[in-house]
Amino acid sequence: MATVGTGHNVKVHYKGTLADGTEFDNSRSHGGTLDFQVGSGQLIKGFDQAVRGMGVGEVKTVTLKPSDAYGVTDPSAIVEVPKSVFAPDTNFVVGNTVQGTSPTGQPVTAKISSLNEETVILDHNHPLAGQELTFEIELIETDSD
């Protein structure tokens, strides 16, 4: 049986869960496989590495440390900003996501982590940063010989 290696194009189904078992993503709920080229940098490092060596039809479960997934939480990505930089009708709710533009014009997304009278604390870390993630991966197809 041929196995997957760097440069191979693959199609996989996967289910991602958090340490408490909560499902955060599932390819089947998206209606199709996840298609990517192994080693291209398209996916998080640990997922890409987990597919290497798999054969068609194989199912594998892997648990990734934050450093192999979305990284550790970066304290410098948590910032306090004045509420005045937002539109006057902004409804600030802890846990909600806000979108805006950086000083250099780049789009940014952040989660409201706390509120004060005049300021809001925004967390710009990826929502899954700092979390251990478990993936069940099924290799559906590959172009490996």
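Me: What makes the contact between the side chains of Arg-52 and Asp-48 a salt bridge?

Reply: The term requires a side-chain nitrogen of Lys or Arg within 4 Å of a carboxyl oxygen of Asp or Glu, and the side chains of Arg-52 and Asp-48 meet at 2.6 Å, N to O, so the pair satisfies the definition. This is a predicted model, in which local features need pLDDT of at least 70 and side-chain atom pairs count only at pLDDT 80 or more, while totals for chains, interfaces and linings use all residues. Residues are numbered from 1 along each chain as its sequence is written, and side-chain values use heavy atoms, with hydrogens and water left out.

Me: Why is Asp-48 called buried, and why is Arg-52 called partly exposed?

Reply: Buried means under 20% relative accessible area, exposed over 50%, and partly exposed in between (1.4 Å probe, protein chains only). Asp-48 has 6% relative accessibility and therefore counts as buried, whereas Arg-52, at 31%, counts as partly exposed.

Me: How do you know that Lys-45 and Asp-68 form a salt bridge, and which parts does the pair tie together?

Reply: The closest N and O atoms of Lys-45 and Asp-68 are 3.4 Å apart, which meets the distance criterion. Lys-45 lies in helix H1 (residues 45-51) and Asp-68 in the loop between strand E4 (59-64) and strand E5 (78-82), so the pair ties together parts that are 23 residues apart in sequence; helices (H or I, at least four residues) and strands (E, at least two) are DSSP runs, numbered from the N terminus.
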